Amino acid sequence: FRFLAAVGLRSPVDVTRTHLTSYIDFLKKEGYADRTIQNYCSAASSFFDFLARPVDTKGTALILSNPWKSVRDALPTVRAYERNDNLREFVEEEYHKLLKTCDMKSVIGKRDYAIMTTTLWTTRRRQEIANIRIQDFMEQDGKIFIRFIQKGGHPILIDLTPEIMEAVKDYWRASGRNLKPQSPAWVATTDAGKYLNQARNLKVKTG
């Protein structure tokens, strides 16, 4: 909207290819990453696709075509799995320093330590870590595994060290929760969030 105000655009019908290339340059000057620019432009393009849909049986649409399709060559190129920043990898000492920030005398600290060690060891996506259930921790042939559900619903087993499994169990014991196979591996320790019960699929108003 800052860009629209700067160039004086008041209707999507008035948008031209020059406006779009100028918008891409505007995002670059604002310091946005290539992936972010791609996401912003993709969202805007979807909006114009919506405007180009027929609104009646005669085929009438608010606009005749999506101008974003003419500027694909102006968008930054983003290659999957290719780093485009100067962030360096953590060294082992920094991992230990990070884990030491957890207060192991509190339930929150024990929970955070369990989550962080599991995340750092398995390197899974945030949502995959959040969706772990009690039943996803298992033992086979004397080895400990954790099951994740990947994109597309495909399961994957990753081995865990006994130390990480003990950290998880230490949190479970300290939490005093009534654990069932379908129970989330980790939950918030307070009910301060307005939508916390909804996130847990609970219909009760308190607790």
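Helices and strands are named here as DSSP runs, numbered from the N terminus, and with that convention His 154 can be placed in the loop between β2 (143–149) and β3 (155–160). The structure on screen is a predicted model.

**The whole chain**

Begin with everything displayed and coloured by secondary structure, where the chain shows 8 helices and 3 strands. Followed from the N terminus, the elements run α-α-α-α-α-α-β-β-β-α-α. Of the 207 residues in the chain, 26% are buried. If you take the contacts between residues at least 6 apart in sequence, 46% of them join residues at least 24 apart.

**The loop at His 154**

Select His 154, in the loop between β2 and β3. Exposure begins over 50% relative accessible area, and His 154, at 51%, therefore counts as exposed. To find its partners, set aside residues up to four places away in sequence; His 154 then touches Phe 148 and Ile 149.

**Helix α7**

Next select residues 162–175, which form helix α7 with its 14 residues, and put a distance between its end C-alpha atoms: they are 20 Å apart, in agreement with the 20 Å that the helix should span at 1.5 Å a residue. Then show as sticks the buried residues of α7, namely Ile 164, Met 165, Ala 167, Val 168, Tyr 171 and Trp 172. Turn the view until you look down the axis of α7, and these buried residues fall within an arc of 160°, so they line one face of the helix. Pro 162, Glu 163 and Arg 173 are exposed on the other side of α7.

What do the buried residues of α7 pack against? Adding α5 (107–122), β1 (137–140), β2 and β3 to the selection shows the elements against which they pack. Before leaving this helix, step just past its end to Gly 176, which takes a positive phi of about 65°.

**The loop at Ala 33**

Move now to Ala 33, whose place is in the loop between α2 and α3. With a relative accessible area of 42%, Ala 33 is partly exposed. Add Pro 76 to the selection and draw the C-alpha to C-alpha distance, which is 9.3 Å, although Ala 33 and Pro 76 are 43 residues apart in sequence.

**Helix α3**

From Ala 33, continue to residues 34–51, the 18 residues of helix α3, which reaches 26 Å from its first C-alpha to its last, close to the 26 Å expected at 1.5 Å a residue. The buried residues to display here are Ile 37, Cys 41, Ser 45, Phe 48 and Leu 51. Seen down the axis of α3, they fall within an arc of 100°, so they line one face of the helix. Bring in α2 (17–29) as well, since this helix is included in what covers the buried residues of α3.

**The second largest pocket**

Keep α2 and α3 in view and add α1 (2–7), because each of these three helices supplies at least two residues of the lining of the second largest pocket. About 580 Å³ of space lies in this pocket. Which residues lie nearest its centre? Of the 21 residues that line the pocket, Phe 1, Phe 3, Leu 4, Tyr 23 and Ala 44 lie nearest its centre. Colouring the lining by class closes the tour, with 17 nonpolar, 2 polar and 2 charged residues around the second largest pocket.

How values were computed:
Residues numbered from 1 in each chain as written. Predicted model: local features only at pLDDT ≥ 70, side-chain atom pairs only at ≥ 80, totals over all residues. Heavy atoms only, no water. Helix = DSSP H or I, 4+ residues; strand = E, 2+ residues; numbered from the N terminus. Expected span 1.5 Å × (residues − 1). Buried < 20%, exposed > 50% of the residue type's maximum accessible area, 1.4 Å probe, protein only. Arc of directions from axis to C-beta. Contact = heavy atoms within 4.5 Å. 1 Å grid on protein atoms, 1.4 Å probe; cavity = no way out; pocket = protein on both sides within 12 Å on 5 of 7 lines; lining within 4 Å. Points joined across faces, edges and corners; volume = space filled by probe spheres on them. Nonpolar A, V, L, I, M, F, W, Y, C, P; charged D, E, K, R; others polar.
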